[in-house]
Amino acid sequence: MGKTMQQIVSVGEAISHPLRLKLLYMLSEREWYVYELAKELSVSRQVLYLHLKRLEKAGFVESDLRLEDDDMRAKKFFRLKEFEVSLGIDDLKQFFE
């Protein structure tokens with residue numbers, strides 16, 4: 001089954017920003033708690049969430065909320081999903097021919 005045009009656009013938008021590429025790299029090493037990521041990258045959590053949501057929507061990352069024994073606040077962790085990005089002429093032909 002071919003990709004939809006929206007899937008291709010979503011993936012393209014997700015990887016079009018240098019910070020999101022760095023996030024993919026960092027998440028390939030291990031999962032991260034949002035606060036740690038924001039601190040490491042020197043960006044606000046609000047800005048980081050916008051970037052992570054775009055990556056999540058495109059299927060690159062996934063997240064879950066966890067309660068840790070020593071802290072009663074829920075923490076959101078992100079991790080990389082398996083992915084491979086490709087775009088071939090056949091993908092384009094299905095839209096325009």
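**Salt bridges and the sheet in a predicted model**

A search of the whole structure, which is a predicted model, finds 6 salt bridges. Side chains of opposite charge can pair when their charged atoms come close. One group of residues, Glu31, Glu62, Asp64, Arg66 and Arg79, is linked in a network of such salt bridges.

Arg79 takes part in several of these pairings. With Glu31, the side chain of Arg79 forms a salt bridge at 3.3 Å, N to O. Arg79 belongs to strand β3 and Glu31 to the loop between α2 and β1, so this pair ties together parts that are 48 residues apart in sequence. A further salt bridge joins Arg79 to Glu62, at 3.2 Å from N to O. Because Glu62 lies in strand β2 and Arg79 in strand β3, that pair connects parts 17 residues apart in sequence. Arg79 also forms a salt bridge with Asp64, where the closest N and O atoms are 2.9 Å apart. Here too distant parts of the chain are linked, with Arg79 in strand β3 and Asp64 in strand β2, 15 residues apart. As for solvent exposure, Arg79 is partly exposed at 24% relative accessibility, as are Glu31 at 29%, Glu62 at 32% and Asp64 at 23%.

The strands that carry these residues belong to an open sheet of 3 strands, ordered β1-β3-β2 with antiparallel pairing. Strands β1 (32–33) and β2 (61–68) stand at the edges with a single partner strand each, so one side of each has no neighbour in the sheet. Between β2 and β3 (residues 71–80), which run antiparallel, there are 8 bridges. Within this arrangement, Arg66 stands opposite Lys75 in β3. Helix α2 (residues 18–29) packs on the sheet and touches β1, β2 and β3, its direction making about 105° with that of β3.

Helix α2 also contains Arg20. This arginine is buried yet has no salt bridge, the nearest side chain of opposite charge, Glu13, being 7.4 Å away. Leaving aside neighbours within four places in sequence, Arg20 is in contact with Glu13, Ala14, His51, Arg54 and Leu55.

A contrasting position is Ser42, in the loop between α3 (34–41) and α4 (45–57). Ser42 is exposed, with a relative accessible area of 66%, and its phi is near 55°, a positive value in a residue other than glycine.

Finally, an unreviewed UniProt entry places the feature "domain: HTH arsR-type" at residues 10–83. In the model, this span is 51% helix and 27% strand, and its end C-alpha atoms lie 14 Å apart.

Note on methods: Residues numbered from 1 in each chain as written. Predicted model: local features only at pLDDT ≥ 70, side-chain atom pairs only at ≥ 80, totals over all residues. Heavy atoms only, no water. Pairing = 2+ DSSP bridges. Helix = DSSP H or I, 4+ residues; strand = E, 2+ residues; numbered from the N terminus. Contact = heavy atoms within 4.5 Å. Axes fitted to C-alpha atoms, helices over the stretch in contact; angles between N-to-C directions. Buried < 20%, exposed > 50% of the residue type's maximum accessible area, 1.4 Å probe, protein only. Lys, Arg positive; Asp, Glu negative; His and termini not counted. Salt bridge = Lys/Arg side-chain N within 4 Å of Asp/Glu carboxyl O. UniProt positions renumbered as here; feature names shortened; annotations may be inferred.
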